Amino acid sequence: METHAILWPAIAMAALIWVIWASLFIARVRHMKKNPPTAESFKDGPAATRYFLPVEMPSNNLRNLVEMPMLFFGLVPLLIVSGMDSRLQIGLAWLYVLLRCWHSYEHVVTKKVRRRFLVYVASCAVLSAMWIGFVFDLALTSSR
């Protein structure tokens with residue numbers, strides 16, 4: 001097994017976050033060029049939210065990519081330092097990242113809520129399996 005191969009899906013996950021951030025940045029710049037903001041546009045948080053409403057999906061997805069993926073990014077170093085970054089965990093990590101990419105696509109591009117929800121639930125199930133596997137392996141190792 002490649003040394004710390006689990007880092008590659010983590011890098012891919014970080015890349016996804018940067019791609020969504022870039023799409024948000026581009027969407028907002030385009031929106032501001034088409035609809036120049038006024039002082040009223042940014043007088044408070046709700047006004048800014050209303051102003052950017054037409055380009056909110058990348059922002060919502062970026063926010064979403066900081067929620068559950070936090071547990072993924074927290075697990076990766078635990079798997080490495082414990083030596084439990086097995087092929088199974090690496091495979092699950094790649095599956096998690098692929099599901100999160102699919103989720104982002106559904107969120108930002110197709111805007112199909114039902115399919116996005118199902119993909120989200122699947123990604124959460126995979127992440128849960130990763131954590132359960134880690135805790136199980138840790139318990140087995142600790143009991144020896």
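Let me start with the aromatic residues, where Trp18, Trp21 and Phe25 are joined by ring pairs into a cluster. I should say at once that what we are looking at is a predicted model, and that a search through the whole structure turns up 8 aromatic pairs.

One of these is the pair made by phenylalanine 72 and phenylalanine 73, whose ring centres are 5.7 Å apart and whose planes meet at 65°, an edge-to-face arrangement. The two partners can be described separately in terms of accessibility: phenylalanine 72 has a relative accessible area of 0% and is therefore buried, whereas phenylalanine 73, at 31% relative accessibility, is counted as partly exposed.

A further pair brings together tryptophan 131 and phenylalanine 134, and here the centres are 6.0 Å apart with the planes at 85°, so this pair is also edge-to-face, given that planes over 60 degrees apart are classed that way. Where do tryptophan 131 and phenylalanine 134 lie? Both belong to helix 6, which covers residues 113–142, and they are separated by 3 residues, or about one turn of the helix. As for their surroundings, tryptophan 131 is partly exposed because its relative accessibility is 25%, while phenylalanine 134 comes out as buried, because its relative accessible area is 7% and the limit for buried is under 20%.

Finally, I would like to turn from ring pairs to a charge over a ring. Which residue lies over the face of phenylalanine 52? That residue is arginine 28, placed at 4.3 Å from the centre of the phenylalanine 52 ring.

Terms used:
Residues numbered from 1 in each chain as written. Predicted model: local features only at pLDDT ≥ 70, side-chain atom pairs only at ≥ 80, totals over all residues. Heavy atoms only, no water. Phe/Tyr/Trp six-rings, centres within 6.5 Å; stacked < 30°, edge-to-face > 60°. Buried < 20%, exposed > 50% of the residue type's maximum accessible area, 1.4 Å probe, protein only. Helix = DSSP H or I, 4+ residues; strand = E, 2+ residues; numbered from the N terminus. Lys NZ or Arg CZ within 6 Å of the ring centre and 35° of its normal.
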